[in-house]
Amino acid sequence: FEVDWTSSEANIRENTLNAFVLIGTSIYPMTPSDFVPDRFEASIPIDSSQNSVSYRFKFEYQLKGMPEDRPESRLSPPYILRMVEQESRPETVIPY
């Protein structure tokens, strides 16, 4: 799973953003990408017997405030990951 964070909110406290994948009642933490700012990644095992998985992303962060910062969070819209069987293709053999 991969997700990019974009926001026009100017009061987000730097280095407080955390991302998660929500699947059913399970919460999986995501790690920041080493190469792309504000991108998060997670490898999550999916049961091969499932045809699809509904999921959402959750972002948690701190907003700058007076007198104290306050926690805030956002949820993405729901998404569906559909699993399809890979078609087996015959190998092409090139004669010498």
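Biologist: Which residue is the bridge partner of A19 in β6?

Modeller: F59 is the partner of A19 there. Bear in mind that this is a predicted model.

Biologist: And what makes β2 and β6 a pair?

Modeller: Pairing takes at least two bridges between the strands. β2 and β6 (residues 52–63) have five, in the antiparallel sense, so they count as paired.

Biologist: How do you know that β2 pairs with β3 too?

Modeller: Same kind of check: four bridges join β2 to β3 (residues 26–29), and the cut-off is at least two, so that's a pair. These strands run antiparallel, and L22 has I27 as its bridge partner in β3.

Biologist: What lies between β2 and β3 in the hairpin?

Modeller: Two residues. G24 sits in that turn, with a positive phi of about 60°.

Biologist: Why is β2 called mostly covered?

Modeller: Buried means under 20% relative accessible area. In β2 (residues 18–23), five of the six residues are buried, so "mostly covered" fits.

Biologist: Let's turn to the open sheet. What is its strand order?

Modeller: β1-β5-β4, three strands with antiparallel pairing.

Biologist: Why are β1 and β4 called edge strands?

Modeller: β1 (2–4) and β4 (31–32) each pair on one side only, so they are the edges.

Biologist: What makes β4 and β5 a pair?

Modeller: β4 and β5 (residues 39–41) share two bridges, in the antiparallel sense. At least two are needed, so the pair qualifies. T31 stands opposite E41 in β5.

Terms used: Residues numbered from 1 in each chain as written. Predicted model: local features only at pLDDT ≥ 70, side-chain atom pairs only at ≥ 80, totals over all residues. Heavy atoms only, no water. Buried < 20%, exposed > 50% of the residue type's maximum accessible area, 1.4 Å probe, protein only.
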